[in-house]
Amino acid sequence: MDAVFKALADPIRRDLLDALFREDGQTLSALEARFEITRFGVMKHLKILEEAGLVVTRRRGREKLHFLNPVPIRLVHDRWVSKYAEPWAAALSDLKSRLESPMEKIFEIYIKTTPERLWEAITDSDIRSKYQFGNTLKSDWTPGSRFEMGNPKAGAVLGEGENLEVDPPRRLVQTMRALWGEDVKAEGTSRVTWEIEPVGDDSCHLTVTHDQLREGANDQLYGGWPMILSGLKTWLETGEKLTTPGSLMYG
C-alpha cells in the first residue's frame with residue numbers, strides 16, 4: 001500500500017485520477033491537454049499511478065487508453081475503514097461505477113496464489129460463495145455452456161450467461177445477464193473477461209474487464225467488483241471471509 005499512498009500524495013496525480021473518474025478510457029494526448037505541464041511530466045505521473053495499480057492501460061488499435069482502477073483504494077478502505085463504516089461503505093465502492101462513458105470497466109488486483117488455485121476459486125461454486133456475497137455459480141465450465149448464479153436466501157435465479165471462452169488457468173470470457181431486479185433485467189447482456197497472469201513463483205495478476213455495457217448502464221451491474229475482488233484476495237491469502245456491504249445483503 002506504500003505505492004498507493006505515494007501515488008495519491010501528489011495533487012497532479014489526484015487530478016489525473018479525477019479526470020479519469022469523470023471520463024474513463026482517455027489517451028495520453030487527451031490527458032495532457034487538461035494540464036499545464038509537459039507531455040513528459042504527465043507520462044511520469046501516469047507511470048507512478050500504473051505502478052500503484054490505480055491506472056491500467058489497454059491498446060485500442062493505435063491508441064493507448066488509460067482507465068481508473070478502484071480496487072487498490074477499495075483495499076485501503078477494507079483494511080482501515082469498513083469495520084467502522086459499513087452503513088456507508090457501499091457508496092465508497094461505487095466511486096468508479098458512477099462513470100458513464102465509455103462503458104468498459106477494468107479492474108485489476110495482485111493476489112499471492114497460484115494460477116490453478118485462482119482458477120479454482122473463480123469456477124468452484126462453494127469457494128465463489130465465500131467472496132461473492134454468498135452467491136453460487138453453477139456450470140460445467142465448457143465453451144458454449146451456460147452458467148447460473150443464485151443464492152440460497154434469494155429464492156430466485158440472480159443471473160445467467162454463457163461461457164464463451166474457457167482456457168484454464170488463464171482466461172475465462174462470459175456473457176452476463178443480471179436477473180435480480182426489473183431495472184437490471186432491462187439492461188440486457190454484457191460481457192465479463194477474467195485474465196490470469198502468473199507473477200514470479202507465488203503470485204498472480206488478475207484483470208477483470210466488464211464491457212459491452214450500454215452508455216449510462218445501471219451501476220448495479222459493475223459496482224460490486226471492487227468488493228468481490230477484495231474478498232477473493234482475502235480468501236485466497238488468509239482463508240477468511242471479508243465483510244462488505246454486499247456480503248451483508250442476504251444476512
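Thr136 has Gly150, a residue of strand 5, as its bridge partner, and strand 4 and strand 5 (residues 146-150) pair in the antiparallel sense over 3 bridges. Here two strands are taken to pair if DSSP finds at least two bridges between them, and the elements themselves are DSSP runs numbered from the N terminus, helices being H or I runs of at least four residues and strands E runs of at least two. The model is a predicted one, in which local features need pLDDT of at least 70 and side-chain atom pairs count only at pLDDT 80 or more, whereas totals for chains, interfaces and linings use all residues. Residues are numbered from 1 along each chain as its sequence is written, and side-chain values use heavy atoms, with hydrogens and water left out.

Strand 4 belongs to an open sheet of 7 strands, with antiparallel pairing and the order 3-9-8-7-6-5-4. Its edges are formed by strand 3 (105-111) and strand 4 (136-138), each of which pairs on one side only. Direction ignored, neighbouring strands of this sheet are turned by 25 degrees against each other on average.

Within the sheet, strand 7 (residues 171-178) is joined to strand 6 (residues 159-167) by 6 bridges, the two running antiparallel, and Gly159 stands opposite Ala178 of strand 7. These two strands, strand 6 and strand 7, form a hairpin with 3 residues between them. The loop between strand 6 and strand 7 holds Pro169, which is joined to Pro168 by a cis peptide bond with an omega of about -5 degrees. Strand 7 is also linked to strand 8 (residues 189-199), again antiparallel, through 7 bridges, and Val173 stands opposite Thr193 in strand 8. Because 6 of its 8 residues are buried, strand 7 is largely enclosed by the rest of the structure; buried denotes under 20% relative accessible area, exposed over 50% and partly exposed the range in between, with a 1.4 Å probe and protein chains only.

Two helices lie across strands of this fold. Helix 7 (residues 115-123) and helix 10 (residues 225-238) pack at an angle of about 125 degrees, with their axes 11 Å apart, where axes are lines fitted to C-alpha atoms, for helices over the stretch in contact, and angles run from 0 to 180 degrees between N-to-C directions. Helix 7 is therefore oblique to helix 10, given that angles under 35 degrees count as roughly parallel, over 145 as roughly antiparallel, 65 to 115 as roughly perpendicular and the rest as oblique. In this pair, Arg117, Leu118 and Ala121 of helix 7 meet Leu232, Trp235 and Leu236 of helix 10, contact meaning heavy atoms within 4.5 Å. Helix 7 lies across strand 3, strand 6, strand 7, strand 8 and strand 9 (203-211), and runs at about 160 degrees to strand 8, while helix 10 lies across strand 3, strand 8 and strand 9, running at about 15 degrees to strand 3.

Positive phi values occur at two non-glycine positions in loops. Phe133, in the loop between helix 8 (125-131) and strand 4, has a phi of about 60 degrees and counts as buried at 14% relative accessibility. Gln212, in the loop between strand 9 and helix 10, has a phi near 55 degrees and, at 49% relative accessibility, counts as partly exposed.
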